[in-house]
Structure formats: C-alpha cells, structure tokens
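Hi everyone, thanks for coming. Let me put the structure up, and then we'll walk through a few parts of it together.

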Protein chains: 4
Amino acid sequence: MNNYFFNYGIIGSSGKLGSEVKSVLSNNGGTIVFYHNRTGHFEITKPEVLIDCSLPDAFEKTIFYADKFKIPLIIATTGLSDEQFDQLKILSESVPVIQSNNFSIGIQVLLYLVDTAKNYLPGWDIEIEEIHHRSKKDKPSGTAKTIQKVFKDNNVNISSLRLGNIIGDHSVHFATSGEILTIKHSVNSRRIFAQGILKAVRFVLRKKNGFFNFSDVIHSDIEYEI
Amino acid sequence: MNNYFFNYGIIGSSGKLGSEVKSVLSNNGGTIVFYHNRTGHFEITKPEVLIDCSLPDAFEKTIFYADKFKIPLIIATTGLSDEQFDQLKILSESVPVIQSNNFSIGIQVLLYLVDTAKNYLPGWDIEIEEIHHRSKKDKPSGTAKTIQKVFKDNNVNISSLRLGNIIGDHSVHFATSGEILTIKHSVNSRRIFAQGILKAVRFVLRKKNGFFNFSDVIHSDIEYEI
Amino acid sequence: MNNYFFNYGIIGSSGKLGSEVKSVLSNNGGTIVFYHNRTGHFEITKPEVLIDCSLPDAFEKTIFYADKFKIPLIIATTGLSDEQFDQLKILSESVPVIQSNNFSIGIQVLLYLVDTAKNYLPGWDIEIEEIHHRSKKDKPSGTAKTIQKVFKDNNVNISSLRLGNIIGDHSVHFATSGEILTIKHSVNSRRIFAQGILKAVRFVLRKKNGFFNFSDVIHSDIEYEI
Amino acid sequence: MNNYFFNYGIIGSSGKLGSEVKSVLSNNGGTIVFYHNRTGHFEITKPEVLIDCSLPDAFEKTIFYADKFKIPLIIATTGLSDEQFDQLKILSESVPVIQSNNFSIGIQVLLYLVDTAKNYLPGWDIEIEEIHHRSKKDKPSGTAKTIQKVFKDNNVNISSLRLGNIIGDHSVHFATSGEILTIKHSVNSRRIFAQGILKAVRFVLRKKNGFFNFSDVIHSDIEYEI
C-alpha cells in the first residue's frame, strides 16, 4: 500500500463534486482507472478504491462494483434510505466503507468542537444557523441537522438563511446570561470537499474493513500527521 | 424655550425604561415635576413635556394628562391599537406627539440605511435576522417587523434567535451571486433608549404641533447638530 | 447608441480580471474587436469603448489607444501616479473616462452608506476592518484606504486580517456607549467586478465626456433602473 | 466541607469586580466574615476561603492574610510580577491557590476549543481579534495574549478594535483555501466573572493544596456536574 500513488474508480464522475474529485486526486497521486456514469463506462484495470459522487438512484451500481472489485468504498451520496445504509454496513464487513454528508475538514472540526463545548456549557441556550445559496432546495441543510444530532435534541432551533451563491455557512451559538460563545464554519470553494475525499482515500487504504464516517478520518489524522 | 433646562412629567416612571429615562433626563437639564404610576401620583407644577413609558392599559391616563397640560407628548408604549393611534393623531393637531417602538438612534440609522440600500440593490436576496434574550415573548421582534415594512414585502424572511440576555441585535443581509452586504445593529445597554427619549424631548420642545416618529427626530438632528 | 450590443476593446485581456470581463461582456451584448496584451495585438475595427484591465506599466499604451480611437475609457488599473491621473483628466475633456479601484456594486453602496451613517452618528467610535487572502501584498487594502477617506481622517484605525483565499471582506463599525452599527461587504466571486465594468460600459456609452468614478455609475443607475 | 454554605474573606471588596463578587457569593451560600480594603478592615471570624479582587500593590497584604488564616486563596489580580508568582507557588504548597486573568467560563472553553482545533488544522492561517471599550488602556488585551500563547507563536497576528463600551469580545479565525472556522466569545455583563469566582470557590474548598488556574476549575467541573 502506498499513500502517494493509487488507482481509483469513480461513480458519478461528471457532476460538480465528481469533477472536483478527479482534479484533486490527479494532483495528489491518483490515477483514474475506472468510471461509471449516466453517459459512459470506462475500465482499464481494477482500482484500489471506489468513490461514489452520484445520486441515490445509482446506489445499486455502486454496491455492484464495490462488491465486484472487493475494494474500499467512499460514498458522498446524501439522502440514502435506511435499507441502503444496511447494505453499506453488510458491505463494510469485508471492505472499509466511509459514508459522510459533508467531506469538509472544517465542518468535522466544528462538529467535534460543538460536542466538546456542549459538555462544558450545560444549561446554556443553543441556536444553530445555516446560510446557503438561494437555489438550495432543502431547508434546513443536512449538515445543520447533523449538528442538531450532536445535542440529541430535535428542539434545538435552526435558522436557515438563503442568500446569493453562498456554498455553506454553519454557526452554533451557546449563550447564558452575560456571555456568548459562537463556533462558525464557512466554505468558499467546493474544492475542499474533494480534498476531504482525498483524506478519506488515504484513510481507507490503511484499513482492512469497517464502517466509518468522515469524523473518524479526521480523528485518525491527528495521530498520523501531527 | 430652552434646550438645556426643562421640567418634565412621566407616566410609568417605575419600570425599567422609566427608571433609565429619569436618570438620563436628570443628568441633562431635566427636572421631574409630575409623575403618575400604578403606585402613586406626584405633581408640583405643570411640566413642559410629558413622557409615557407605561403599558397600553395606562393609555387613557396619558391622553388625559396630555390634554389637561396641553404639552408635547413622547410615547414609547408599544402595542397600541388603531383606535389609540387615532386618538394620538387628534391630539397631535394641538400639541407635538412622538410615537416610536424603538428610541435607539442606531436602529433608526439602520432603518434609513436599509431603505437607501434597497434602492441601489434591486433584485438582491434579502434576509432579516434578530437576536434577543431568551425571555422575550414575541417572535419576531417588533423592530424586525418594522424593518420588514421598509421592503413593503411581508414575505421577506425573518430569522429569530433567542440567546442569553441579549438586549437586541438586528441584521439585514442583501446578497446576489458573488457579494453580500450586511447592516447590523446591536444594543448592549437599555440606557440608549432613554438617551433617544432625551433627543425626542429636545425635538418636541421646538415644535408647535404634529405627529412624528423617532426617525423624524434623527433626521432633524442632522440639520441642527452637524 | 445601443445599450445591448456594442463593440469593445481591451488592454490586458489575459489576466484574472480581463478574462472575467471578456466572459461577462460576451454574455451581455459585447463583441471584442480589439485587444492589446503583453503577448499579442488584435484589431478588427474601431471599438466603441476601451477597457483597461492591465497594470500601471501599460498605461501609456492605454492613453495611446484611447486617444487614437477617440472612444470612452474604463480603467480598472490600481496604483496610478498623480501624473497618470492628470493625463486621464486631460483625456476626459474629449471622451468619458471612468477610473475606479473597485468595480463591485456592493462596495460602492457600502461607501455611500458609510458616508450617510457618519453624518447621523457624530462622535461615535469608528473602526475599519478588512480581510483578504494570505497572498495579498498590500496591507491595508486599497479599498480600506478608500473607506478611510470617507471619514477625512487618516487616524481612523484599520485592522487587516489575512486568511485563506478570501477575495475581499470590508467592515465599518460605528459604536457609542450602548450600541454598535456595522456595515459589512463580502465578495465571493471575482465575476462581480466584471459585472460592474459592464455597468460602467453602459454608463459611458451614454456620456459625451467627463471624468467619473464607479460611484457615479451606481448613482446614475438608480435613476435609470428603478 | 459544604458546597453550599461557606464563610469568605475578600481583599479589595469595593472595586467593580469586588462588588460583583460579593453580590454573587451572597446569593449562593456565601457569608462575608472578613474584608480588607484601602478604606477599611472588617473581621468577624476566620473565613474558609480568601478572594483577592485588588491590584498588585495590595499583594503583600493578600499573602499575609492567606498565610495567617491558612485557607485557600483565589486571586484575580492581573499584572503580577514573577516574584509574586513565586510567592504564590510557595504558598500553594500548604493551601490551594487559583490564579487567573479571566474568570469567564466561556473564555476558558474558547481557549480549550482553540487548543483542540489547532491540532486538527495544522498549516491553517490564524488570526486573533479582540474588541474592547474605548477606554481600555492595554492593546492587545491580556486575554488575546493568553490565546496567542496557545499557539506557542508570538507571530500570530492580533487585531485590536476599540469600540463603545464593549466589555470583551475575542475571536480566533482558522482559514485555509476554501474554508474558515471561527471561534468567538463575547461578554455582555461583568457579573459572569464573579460567577466564575464562585465556581473557583467551590473548587478550592474540595482541595488540600496546589497551584491551579481557572481552566483546571472548568475541566474539573465537567466531571462533577455532568
């Protein structure tokens, strides 16, 4: 296994995220040897890792190829059903699988900091805020809902603002009488999601099997790189 | 007429705002010569200006004393009915009357800037945001609704956050693809509302009659003081 | 004169701004008929308007072609000398000339709002803040210095932060005891500068001569479009 | 030992912080049995804990009484010399001593989150920002310098803004190309510092001896209260 050079395959290579992923991986030791798209299919050799940047309706193809190649799977598809998650978990018994709705490093650090802060600040008021581009359809964002889960409380209020072309801002405010603590994350380039997937690639190439999320990647990172 | 020394009366002198008003006016040339409260009544001589810091249920008393003294009225009571506004307008034919939900100078400047900005930024997305202390009952705040009226569009979204002991933060975001302009106002002392009422006092003492809001005071100010 | 179709020439067509300008103008009725670059020269016919997206060292060429064609000039070059400004002013006696350091619409609105606010808030504390990408060389930014000029006071403090790949954030804070008013502008795409130049093109095509800045374009706009 | 009722003594009881401390402690089981001020001295019985809210020039008195009573000491005095710290450390061999420049709970959580975040975000740009009231003399604030120490790098830039009557805002920005993470803390009442001292009182009453800072109190808290 080599951290620096690897062959990869991609499902959904032509979308916004898929294009960024190909660009980032090519610049960091990756060679594309397989892809499967709505518009085409390409296969030179067996890849070392499979990345799914498609939509849930391509899920069966993803499982098919992960199974066929017996290689690690990184899946960035959002909106998967419970049944699809079950399939991923079965798959993860034989190969490593990473699923995440948000491959930004900063958002994972935000989630961890929020989890830490909430333990130090019992009884403080909490507000979640997210800002996205006007054309975003879901409200609140999936990431805001992930933040809400940190508090294990569906009543934590989420404010959603829709403004211009903002890729994704998320804030969590903690307040008590006399003080406020805010943790905020802003994305200004979709490229960072592809960079997160690169980190995930390096992580899975070191694993035998198991089901992971992107937070595992970040937490492992701290042991390896610092 | 004297800008610097004046006798004033107050309805509702014992509440949070009333206490601040008495303190600020005393330090700026004001002498209290009349008050009327739930718990007492005090009258030395006829005041030059009457200030109402009470609740709507004291409104009849306010009209009674404004009428009796024939002096300018400043009314900070919120939640007045249409009938009560009509009574104020009739009163304003004979004396000057100032009504406002928010005697902060900064919020009036925000309203003016928002009105200006909206004309320069047609078609931009708009979001209003307000943050207040957890015990505030109305949601959204009256001031956020006043901001919404600047846009003459009830569909402009208002996000309301409830955090700690925040006195009042209001933001307006304008965005288009590629840029965002935000105008934000924060209050960190109730004293400023009393200082706004002091400005209103100086304004009405120069007027014969008429119905005004606090924005008229601010806009007049710029001619006098700069 | 036609607002919608026009032939244009460009000096410095291959840089970041020049590329954005060509893309935006092509999509809005513009046809490039002339360019002059470090690497080449192209000329089909006389353009109706000349745009300079180059550096100060190309200035003489710009003056040469503006003079030759006798057409309006829009110049986005920053760091011009006093002598170069004098040359532009002489040129502007015969053709319209627009010079600006910042062709963002939002920053012009910010400048106007700041100028308005300062008149309403005499004696308030003022702080200017700017955030740009880590590789920006000048500190503070030229736009922050333009904001400082609004206050006609070189002692107004400017805080400069250098973070990631931020294109340009500028904030102005006004504060007094008890309240703060903030006006903030953020850019998240260089495309908006090209869109501002498009507005400038439409403006100069309506003018006979004169020296203008981008604020004149915005203020004129409000009369035409609203 | 009882968490809820305790007798305390205070050095410097008449200043801003001392007054807040007396008010908060009285409302939470504390009875003042000793004080020593510039203007007076009061002693009923031996206190269980001594709190120093004075200035460095009262330090010898503080050591004298801590020594005399052999009780825990909480010292909020800032600007102590190295020699004075050495004296505190010697004292802490026999009684527990807590020294901190900032008894806000939120700022301690911020420090901990910043320390955590920096390990997850190696190579990211860092900027520290602090805002305080216009009359603050030191620039940057002591707390901003404490934040800078977390990075063990005196070159981390600190921006200092001076605005109105702001008690204390501190922000830390982490940025890389494409994303920004901000951790921000704002104080809007000095009362919280007194509440922190109450927490410190409860902490020292459980300790035999040792030298602590306020962060130890907060970290211990998480074990006891959650």
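Let's begin in chain C, and keep in mind that this is a predicted model. Strand E1 (6-11), strand E4 (49-52), strand E5 (73-75) and helix H3 (82-91) of chain C are included in what covers the buried residues of H2(C). Which residues of helix H2 (residues 59-69) of chain C are buried? They are C:Phe59, C:Thr62 and C:Ala66. Looking down the axis of H2(C), you find these buried residues within an arc of 55°, so they line one face of the helix. Here is the general idea behind that: an α-helix has 3.6 residues a turn, so residues three or four places apart point the same way. Now turn to the other side of H2(C), where C:Glu60, C:Phe64 and C:Lys68 are exposed. After H2(C) comes C:Lys70, with a positive phi near 55°.

Next, a quick stop in chain B. B:Asp82 sits in helix H3 (residues 82-91) of chain B. Is B:Asp82 buried or exposed? It has 7 C-beta neighbours inside 10 Å, so B:Asp82 counts as exposed. B:Asp82 and B:Lys70 are 12 residues apart along the chain, and 23 Å separates their C-alpha atoms.

Finally, let's see how two of the chains are arranged. Chain D superposes on chain A, with an RMSD of 0.1 Å, after a rotation of 180° with 0.0 Å of shift along its axis. The two copies are therefore related as by a two-fold rotation axis. In chain D, D:Ile183 has the C-alpha nearest the axis, 2.3 Å from it. As for the interface, 100% of the interface residues of chain D are also interface residues in chain A, so the copies meet through the same surface.

Key
Residues are numbered from 1 along each chain as its sequence is written. Chains are lettered from A and ligands numbered from 1 in the order in which they are written. This is a predicted model: local features need pLDDT of at least 70, side-chain atom pairs count only at pLDDT 80 or more; totals for chains, interfaces and linings use all residues. A residue is buried if 20 or more other C-beta atoms lie within 10 Å of its own, exposed if 12 or fewer, and partly exposed in between; C-beta atoms are placed from the backbone. Helices (H or I, at least four residues) and strands (E, at least two) are DSSP runs, numbered from the N terminus. The arc is that of the directions from the helix axis to the C-beta atoms. Two residues are in contact if their C-beta atoms, placed from the backbone, lie within 7 Å. Copies are superposed by least squares on the C-alpha atoms of residues with pLDDT of at least 70 in both.
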